[in-house]
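Colleague: I'd like a close look at a single part of this one, the nonpolar core. Could you walk me through that part and what sits around it?

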Amino acid sequence: MAANAIAGFRPEQENVVYIGAGVTVKGEFSVPDLLVVDGVVEGDVTARGVVVGQSGVIRGHVAAEEADVSGSISDHVEISELLTVRSTGRVEGRVIYREMELEKGAVVTGDLSAMNEERAVARPTPAAKIVPQARAEPVAVAPVGKTSASLERLSEAARAARKSAAKSVASEIAAERRNVLRAPMSSRKGRG
């Protein structure tokens, strides 16, 4: 919703709030439809959709159905449907989401929790579980600091884990082949 909404976005649209570049606002915001931020928002935000442009920053509690982040959100983020973090985007803090989509280069740090699909209620999930699949699982992420060094260490750890897993599987296959070749022909399944 948010990504498509920004394509046809007009500042004069009803039920839409636009915070332009160079503008800083503080307070609590409740937007019936779409909040588009190219400036800075300091405070709590509730909206159906939130779009944070590359120059946009939100510091505070964000609650929305969908969010599309090219800029920065920090503190507490609750997205009941889809959280999209673009390559220039950064989300930090407590992040609760149903689905998350990350472009290469996106940064997400903090406490991540996937929502329970039946009730849309946040439930903690194991932070150390990394499973490649269509839905993103929570991942333990290094604290913010030297981002490129942290990402490099994370990438190196992932490469080492993949390499170790591949070696382990290869050695198991080789051992199984040796066992099959050593077994007498009469004891092999499917043979005689």
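Modeller: Here is a tour of the core, followed by the charged pairs on some of the strands. Keep in mind that this is a predicted model.

Let's get our bearings. The chain has two helices and 10 strands, and along the sequence they run α-β-β-β-β-β-β-β-β-β-β-α. Of its 192 residues, 33% count as buried.

Now the core itself. The largest nonpolar core has 28 residues, and Val50, Ile58 and Leu83 are the ones with the most contacts inside it. Six strands each put in at least two of the core residues: S3 (29–37), S5 (45–52), S6 (57–69), S7 (72–85), S8 (90–102) and S9 (107–116). As background, nonpolar side chains in soluble globular proteins tend to be buried together.

Leu83 is a good place to zoom in. Leaving out residues up to four places away in sequence, Leu83 touches Ala67, Val69, Val95, Tyr97, Glu99, Met100 and Glu101.

Then come the charges. There are eight salt bridges in the structure, and a few of them involve strands you've just met. Take Asp33 and Arg48, whose side chains meet at 2.6 Å, N to O. Asp33 is in strand S3 and Arg48 in strand S5, so this salt bridge ties together parts 15 residues apart in sequence. Are these two buried or partly exposed? Asp33 has a relative accessible area of 21%, so it counts as partly exposed, the cut-off for buried being under 20%. Arg48, at 33%, is partly exposed too.

Asp111 and Arg94 make another such pair, with their closest N and O atoms 2.9 Å apart. Here Asp111 belongs to strand S9 and Arg94 to strand S8, and 17 residues separate them. Asp111 is partly exposed at 41% relative accessible area, and Arg94 is partly exposed at 28%.

Last, look at Glu42 and Lys26, where the side chains form a salt bridge at 3.8 Å, N to O. Glu42 lies in strand S4 (residues 40–42) and Lys26 in strand S2 (residues 24–26), 16 residues apart. Glu42 is partly exposed, with 27% relative accessibility, whereas Lys26 is exposed at 64%. These two also belong to a salt-bridge network that includes Arg59.

As for the outside overall, the chain exposes about 11500 Å², and carbon and sulfur atoms supply 53% of that area.

Definitions and conventions:
Residues numbered from 1 in each chain as written. Predicted model: local features only at pLDDT ≥ 70, side-chain atom pairs only at ≥ 80, totals over all residues. Heavy atoms only, no water. Core = buried A, V, L, I, M, F, W, Y, C linked by side-chain atoms within 4.5 Å. Buried < 20%, exposed > 50% of the residue type's maximum accessible area, 1.4 Å probe, protein only. Helix = DSSP H or I, 4+ residues; strand = E, 2+ residues; numbered from the N terminus. Contact = heavy atoms within 4.5 Å. Areas by Shrake-Rupley, 256 points an atom, 1.4 Å probe, with all protein chains shown as cover. Salt bridge = Lys/Arg side-chain N within 4 Å of Asp/Glu carboxyl O.
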